[in-house]
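Reader: I am in my first year and should like to learn how to read a structure closely. Would you please take one part and explain it in detail, and then connect it to its surroundings?

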Amino acid sequence: MKSINDDENANLTYLEVARGKEPGGAEPLAAETPVFKIIGRPTPRVDGRLIVTGRAKYTHDIVLKDMLVGKILRSPYASAEIVSLDLSAAKRIPGVLATVQLKEGRVRYEGEQVAAVAALDESTAEEALQAIRVEYKVLPHVVSPEKAVAEGAPQVLDSANVQKFNEYNRGNLEQGFAEAEVILERTYRTAFEIHHPVETHVSIAKWDEDRLTVWDSTQAVFNVRDGLARMLNIPASKIRVIKNYMGGGFGSKLGANEHTAVAAQLARETGRPVKIALSRKDNSLCVGNRPSSMITIKGGAKKDGTLTALQMTNYTSGGVGRGDRCSEPLVDIYKCPNVRVEEYTVFINAGASRPTRAPGHPQGTLAMEGFLDELAAELGLDPLELRRKNYSSKNQGDTGTPYSSKGLDQCYELGAEKIGWSRRNRKPGGGPGKKKRGIGVATQIWWGAGVPGTLADVKIHPDGSVEAVCGTQDIGCGTRTFMAVVVAETLGLEPQDITIKIGDTAYPWAPNSGGSQTAPSVAPAIRDAALKAAERMRALAAKRLDVPAAEIVLAEKKLFAKNNPEKSVSFLELARDLRREAVFHGERGDLPAGFAYNSFGAHFAEVEVDTETGQIKVLKVVAVHEIGRVLNKLTAESQVVGGVTQGLSAGLFEERVIDENSGKMVNPNLQTYKVATAQDVPEIVPIFVDLVDPRINNLGNKGLGEPPRIPSSAAIANAVYNAIGVHVREIPMTPDRVLRALRAKEASS
Amino acid sequence: MERMTRKKGKVYSRRAFLKGMGGGAAGAALATGWLGRRVDAAQAASEAAPVYTKKEITFTLNGRSVSLEVEPRETLLQVLREKLKLTGTKKICDRGECGGCTVLLDGNPVYSCLFPAIRADGKTVTTVEGLAEGDALHPVQEAFIEKDAYQCGFCTPGFIMSSVALLQKNRTPSPDEIKAGLSGHICRCGNYVKIYEAVASAASKMRKA
């Protein structure tokens, strides 16, 4: 294992490294603050030019010689039996080179794949799909979780429609409620969301004898490779998966897709490359969604706000797939000795869920943070004070493992100041007028420690050019750029000097780009490789300059003696001494045991609600995050504003709607499935707590992918509550739901 | 730029049409995959398959004159991406909902997925590939890099084209005017606030230039 302690030769000025001790030892890493020149500063993307000139090649843009167009026929019914399927008319169409039946028997959701064709061009392929004759026996369906749980509902799978998948207990819940001075019970709901990456899912398959190459719009080249090996029953060693540029994924592109296997099958049959690109409608129906949730929280507290008991019951649906575990925020963040969780998945006749940026957390956070605000009002406490009152330093609500680092208190402090927390309504709904303003807060927790064993190489050529190579992916979060930043920092070069090679299973292994694990996996691995490269270069320089290697600094494209900068040699010239290309292997080390590795954050939102129309206008969001060391401030800020925007979008607009009679989705496009656009997005202020995790890895960075997506819907919902005095308790908070909540409030007062 | 050849006559069999596409995928297809495989070549040749009416159009594309034959059903997006191999313009929704396919037609932004290619005849079309002059990027492109006004980058060409069109008409857009000018676009990564910053910054640079 390569640990943070091994860099004994590292130069402290430019090659940082804090030398901390492992758990149980003396001082942690952060005690010695490394001085970085590039890491942590804003660095524009190294591939920006390619993107803004339209030259970046996405899988959609790739055209291979002799390539055919593959298309898939999908079930129009939510539940049916395929009685017969006739491909003969499709086969006869000139230009159709292959047809294949993909399904027999039951189809259980609209969009399930039934048959496929490969043709010379798109219109011929479409014509062929229309020529396929399928006779269906339509069966009863159920598309709403509320109906699926009822007695006598059509059975979706071969097992029961409702299944418990998570149970958690700690302490003594009954005793906790007995100790409580206030007990509150509330139910919160979240809708099904669709990922809708702008680049729809697309795969190209090409065979060379028994070897398969796949170009895929994916967040996980290795997952696709291994998944295809299983689906096609061929060795993983025969498959190469390449992903160059990808137009968004948000969790929907983490595995091998059925349509990719179909492309491989059609390519094998025709002896030609086959490309299958899904339509926007396909993307709505059959490549994932964020599961719905219906979360009831019953909680008890002392009058001073001390939590004594929390009970959560969740009914979550992921169509024919599983619902999300939404309990993590409730179980983990706040100090509370007595907790019980029960989570049930509800199957319905709709496409299977897939991980969606921070699975379970936006749902669980909306419920938990909403509940806390309603509890605070009941207790007459400041919502932020209630959160601080139950602050924890160990996971599992202060009953488990200590956090390696936790900057949540600073997130609260910085955010409250920036939003002007004191301006909020002391009493929810207390503001004047028909357009009411409010301010709300919500807390975020996520993992994102990275994956030990991630590999990366730094290669130095004798001409002085440098490569950073890793089988990771850049899914839009700036992987290429932070790799260049880390290598440039370590070798005393500039980010633009580094050639980045990623997105290919031919390169060293890296995990999928999901779950906020790319940066805390890849950055320490490439840092490790670069440190080894630096060590070799220092040894070469030591010979040339006649200075001990330990006294040599790499900076400004030179190597020089720390105490005598006149003694120097340029990086370029020194590289000649390598004589041949030199490869340095890096690995992300283990996570020291005995600590919990989590990221934290708090979002503060200010809104204006028109109580006559029910319309919500978000005025400002302050998003404060503690993610250990920030590698690139510029791209990190983008990730934050993007997460906030998606949370705003889910909080106000996004909802998959399926017609109960027909079982069909009625908004499978970007016009009727509403996502936030330029007019909806207000000022967003990203702030990072400057805190380096002392032991998570050799750079002290945590992941940032999910965190900013987690608390924004909840913060906006709480701001709406603060504005109008009633919690809407359901997202998206459409005007009708806001008006309904206001009516319910009037009726009860 | 691929060479466009003029075809006489208006009616083509499918086979002739495919041949007519020349050196690309379909032409090669006839030589390899199609013949001797699932489709009977003789049959394909003898059956006068569906006919297409075609029209030759000439337009200025990124500063160069282009002539080619298009079918009435073909969109400008299809022609740009599939026939002219300019893949910078993206297909995202394919029904005028997202702005990803935006190009400039005589300086005005249009959704190329809804725009019949035939109507581009005699016009000037600019795509994202045509903004830079040599190595010198357009100020909007520069600003997108500086402000990190993208994440995955797939919607970026569309945003850039509308931003360029906006700044051509309005040198001093207010924040609300920028939002309105870009309201026909979807950035699913949610980078709008960075995009506003980039457009404002480009506007300022262009005024000074």
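Author: The following account begins with one strand and its partners, and then turns to helix contacts, the contact between the chains and some backbone details. Please keep in mind throughout that this is a predicted model.

Let us begin with strand β9 of chain A, which covers residues 202-208. Is this strand enclosed or open to the outside? Five of its seven residues are buried, so β9(A) is largely enclosed by the rest of the structure. In general, the side chains of a regular strand alternate between the two faces of the sheet.

β9(A) has a pairing with strand β10 of chain A, residues 211-216, in the antiparallel sense, and six bridges connect the two. Within this pairing, A:Trp207 is placed opposite A:Leu212 of β10(A). The two strands make a hairpin, with two residues between them. In its turn, A:Glu209 has a positive phi of about 55°. β9(A) also pairs with strand β12 of chain A, residues 274-277, again in the antiparallel sense. Four bridges hold this second pairing, and in it A:Ile204 has A:Lys275 of β12(A) as its bridge partner.

Chain A also offers a contact between helices. Helix α10(A), residues 361-379, and helix α18(A), residues 712-724, have axes that come within 8 Å and cross at roughly 30°. An angle under 35 degrees counts as roughly parallel, and α10(A) and α18(A) are therefore roughly parallel to each other. Their crossing is right-handed. On the side of α10(A), the contact includes A:Leu366 and A:Asp373, while α18(A) contributes residues including A:Ala717 and A:Tyr721. By class, the contact of α10(A) with α18(A) comprises five nonpolar, four polar and two charged residues.

After α18(A), in the loop that leads to β27 of chain A, we find A:Arg729. This residue is not a glycine, yet its phi is positive, at about 60°. Is A:Arg729 buried or exposed? It has 21 C-beta neighbours inside 10 Å and therefore counts as buried. In the loop between β27 and α19 of chain A lies A:Pro732, and the peptide bond that joins A:Ile731 to A:Pro732 is cis, with omega about 0°. As a general rule, most residues other than glycine have a negative phi, and most peptide bonds are trans.

Chain B provides a second example of a positive phi: B:Asp106, which is not a glycine, has a value of about 50°. B:Asp106 is located in the loop between β5 and β6 of chain B. With 13 C-beta neighbours inside 10 Å, it counts as partly exposed.

Chain B has a helix pair to study as well. Helix α6(B), residues 156-169, and helix α8(B), residues 192-208, pack at an angle of about 40°, and their axes are 11 Å apart. These two helices are therefore oblique to each other, and their crossing is right-handed. Among the residues that meet here are B:Phe159 and B:Leu166 of α6(B), and B:Ile195 and B:Met206 of α8(B). Eight nonpolar residues and one polar residue make up this contact, with no charged residues.

Finally, how do the chains touch? In chain B, 55 residues are in contact with 56 residues of chain A. The elements of chain B that give two or more residues to its side of this contact are α1, α2, α5, α6 and α8. Of these, α2(B) gives the most, with seven residues. The side of chain B that touches chain A has 28 nonpolar, 14 polar and 13 charged residues.

Notes
Residues numbered from 1 in each chain as written. Chains lettered and ligands numbered in written order. Predicted model: local features only at pLDDT ≥ 70, side-chain atom pairs only at ≥ 80, totals over all residues. Axes fitted to C-alpha atoms, helices over the stretch in contact; angles between N-to-C directions. Parallel < 35°, antiparallel > 145°, perpendicular 65-115°, else oblique. Left-handed = near helix turned anticlockwise from the far one by under 90°. Contact = placed C-beta atoms within 7 Å. Nonpolar A, V, L, I, M, F, W, Y, C, P; charged D, E, K, R; others polar. Buried ≥ 20, exposed ≤ 12 C-beta atoms within 10 Å, placed from the backbone. Pairing = 2+ DSSP bridges.
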